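Hello,

Here is the structure I said I would pass on. Please open it first; my notes follow below.

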Amino acid sequence: MDSNGLSCIERKLHVLAVDDSIIDRTIIARLLKKYDCKVTTAENAMRAMEYLGLGHEQDTSEGKDLKIGMIITDYSMPGMTGYDLLKKIKESSTMSEIPVVIMSSENIPTRINKCLKEGAQDFMLKPIQQSDVKKLLSNEYSSY
Amino acid sequence: MLGLGLDQLTSDMNQLLALLFHQGVLDEQFLQLQQLQDEVSPNFVSEVITIFFRESEKLLKILREQLMDKEFSDYKKMGIHVNQFMGSSSSIGAQRVKTVCVAFRSAVEHSNRLGCLRALELLEHEYCYLKNKLHELFQIEQQRVLAAGIRYPVVHH
């Protein structure tokens with residue numbers, strides 16, 4: 001058991017982080033890696049869907065094969081929003097059980113509730129801090 | 001003396017940071033970035049800031065072009081760029097830049113061209129100041145690393 005108590009697991013948590021801002025992708029990736037996660041980033045929802053094996057006629061098992069353990073996505077993205085992505089994931093046959101976390105710079109209760117209602121695991125307000133990620137991951141690990 | 005050099009440089013760096021925090025140029029989010037820098041990622045802060053400079057200058061150029069065009073009326077498009085700038089400045093702790101973006105966004109929402117022009121000028125000014133100060137900070141940091149290296153030389157057998 002190491003100092004932050006979160007790394008005593010056999011396999012690293014593989015997180016898919018989706019954000020159209022390169023700065024935010026860089027920061028969230030570093031934050032997650034600091035807590036020993038494996039990180040893949042996607043610059044928009046379409047790329048994320050492709051990576052997860054969704055959005056074709058039939059959902060493929062790609063996402064499952066990659067063993068994605070969590071998806072963190074920005075809410076406001078051009079084209080398909082994080083909310084749309086959340087819905088697609090929850091509707092899918094392969095990825096619906098994977099926890100999805102929404103990030104947003106706007107603290108809008110109706111937006112937050114909408115996401116939680118659609119099945120989002122958590123909602124994080126930007127700018128994301130180390131303590132936010134720590135809390136998120138400890139909640140995640142405690143549910144094992 | 002080299003030993004004093006290191007202490008002086010450390011002091012200079014801390015003074016500059018303190019000034020920037022006091023002026024509200026930087027906020028605690030910048031500290032968050034510093035905390036993410038470690039042996040695994042020793043240049044994290046300068047890497048992120050370099051990306052920030054590159055993205056900001058792209059956005060400023062686009063905003064300048066949009067506002068210089070008297071025919072331009074797509075405030076929604078302008079708003080998207082302002083939001084991007086707001087987000088990135090918030091993420092790195094550039095507090096004053098972010099504050100100007102908030103005012104800029106308001107001018108955009110009211111399709112207030114003059115307000116937007118004023119906000120852009122202020123934004124360019126704040127960005128310029130931030131960039132200069134961060135460059136200064138990185139220069140001191142680089143000198144510090146060198147001085148520390150000389151003070152604690154790596155011994156090869």
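In this predicted model, helices α2(B) and α3(B) are oblique to each other, because their axes cross at roughly 125° and angles from 115 to 145 degrees fall in that class. The axes come within 8 Å. Helix α2 of chain B covers residues 28-35, and α3 of chain B covers residues 44-68.

Which residues meet there? From α2(B), they are Phe30(B), Leu33(B) and Gln34(B). From α3(B), they are Phe44(B), Val45(B), Val48(B) and Ile49(B). Six residues of this contact are nonpolar, one is polar and none is charged.

UniProt, in an unreviewed entry, lists residues 41-137 of chain B as "domain: HPt". That span is 86% helix and 0% strand. Its end C-alpha atoms lie 18 Å apart.

Now chain A. The chain has six helices and five strands. Along the sequence the pattern is β-α-β-α-α-β-α-β-α-β-α. Of its 144 residues, 49% are buried. Take the contacts in chain A between residues at least 6 apart in sequence: 65% of them join residues at least 24 apart.

One helix to look at is α4(A), residues 82-91. Gly82(A), Tyr83(A), Leu85(A), Leu86(A) and Ile89(A) are buried in this helix. Seen down the axis, these buried residues fall within an arc of 160°, so they line one face of α4(A). What covers them includes strands β1 (14-18), β3 (68-74) and β4 (100-104) of chain A, along with helices α2 (45-52) and α5 (109-117) of chain A.

Best regards

Technical notes: Residues are numbered from 1 along each chain as its sequence is written. Chains are lettered from A and ligands numbered from 1 in the order in which they are written. This is a predicted model: local features need pLDDT of at least 70, side-chain atom pairs count only at pLDDT 80 or more; totals for chains, interfaces and linings use all residues. Side-chain values use heavy atoms; hydrogens and water are left out. UniProt positions are given in the numbering used here, feature names are shortened, and annotations may be inferred rather than shown by experiment. Helices (H or I, at least four residues) and strands (E, at least two) are DSSP runs, numbered from the N terminus. Axes are lines fitted to C-alpha atoms, for helices over the stretch in contact, and angles run from 0 to 180 degrees between N-to-C directions. Angles under 35 degrees count as roughly parallel, over 145 as roughly antiparallel, 65 to 115 as roughly perpendicular and the rest as oblique. Contact means heavy atoms within 4.5 Å. Ala, Val, Leu, Ile, Met, Phe, Trp, Tyr, Cys and Pro count as nonpolar, Asp, Glu, Lys and Arg as charged, and the others, Gly among them, as polar. Buried means under 20% relative accessible area, exposed over 50%, partly exposed in between (1.4 Å probe, protein chains only). The arc is that of the directions from the helix axis to the C-beta atoms.
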